Amino acid sequence: MSELLEPIDYEALVLAKLEDAAQSSSRRERCAHLDQAAVFAAQGEAARYAENGSRS
């Protein structure tokens, strides 16, 4: 039997990275967290389109 994986909560990941960015002490660290938040946001959009069978 195949095991179903729980969907990834990309929105929660984005929010966590934005919080990390807000608390960062250096610009480099803040930018790294913001970059990761952007990646999670893009992955979330891709997953949402894949679920709905939509393409833009």
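Two residues are said to be in contact, or to touch, when they have heavy atoms within 4.5 Å of each other. With that meaning in hand, this briefing looks at a predicted model, beginning with helix 1, which covers residues 10–22, then turning to His-33 in helix 2, and ending with the largest pocket, to whose lining helix 1 and helix 2 each supply at least two residues.

**Helix 1**

- Helix 1 has 13 residues, and because each residue should add 1.5 Å, the expected span is 18 Å, which agrees with the 18 Å that separates its end C-alpha atoms.
- Tyr-10, Val-14 and Ala-21 are the residues to look for on the buried side, since each of them is buried in helix 1.
- Seen down the axis of helix 1, the buried residues fall within an arc of 40°, so they line one face of the helix.
- A general rule helps in reading such a pattern: an α-helix has 3.6 residues a turn, so residues three or four places apart point the same way.
- The buried residues of helix 1 pack against helix 2, which runs through residues 27–52, whereas Leu-15 and Ala-22, on the other side of helix 1, are exposed.

**His-33 and Asp-20**

- His-33 has its place in helix 2, and its relative accessibility is 18%, so with the limit for a buried residue set at under 20%, His-33 counts as buried.
- When residues up to four places away in sequence are not counted, His-33 touches Lys-17, Asp-20, Ala-21 and Ser-24.
- One of these contacts of His-33 is Asp-20, a residue found in helix 1, and because its relative accessible area is 32%, Asp-20 is described as partly exposed.
- Asp-20 can also be compared with Ala-50, as the two are 30 residues apart in sequence and, from C-alpha to C-alpha, 28 Å apart in space.

**The largest pocket**

- The largest pocket holds about 290 Å³ of space, and 13 residues line it, with Ile-8, Tyr-10, Glu-11, Gly-44 and Arg-48 lying nearest its centre.
- Tyr-10, already met as a buried residue of helix 1, is therefore worth finding again here, because it is among the residues nearest the centre of the largest pocket.
- Helix 2 gives the largest share of the lining of the largest pocket, namely seven residues, while helix 1 and helix 2 each supply at least two.
- Sorted by class, the lining of the largest pocket is made up of seven nonpolar residues, five charged residues and one polar residue.

Notes
Residues numbered from 1 in each chain as written. Predicted model: local features only at pLDDT ≥ 70, side-chain atom pairs only at ≥ 80, totals over all residues. Heavy atoms only, no water. Helix = DSSP H or I, 4+ residues; strand = E, 2+ residues; numbered from the N terminus. Expected span 1.5 Å × (residues − 1). Buried < 20%, exposed > 50% of the residue type's maximum accessible area, 1.4 Å probe, protein only. Arc of directions from axis to C-beta. 1 Å grid on protein atoms, 1.4 Å probe; cavity = no way out; pocket = protein on both sides within 12 Å on 5 of 7 lines; lining within 4 Å. Points joined across faces, edges and corners; volume = space filled by probe spheres on them. Nonpolar A, V, L, I, M, F, W, Y, C, P; charged D, E, K, R; others polar.
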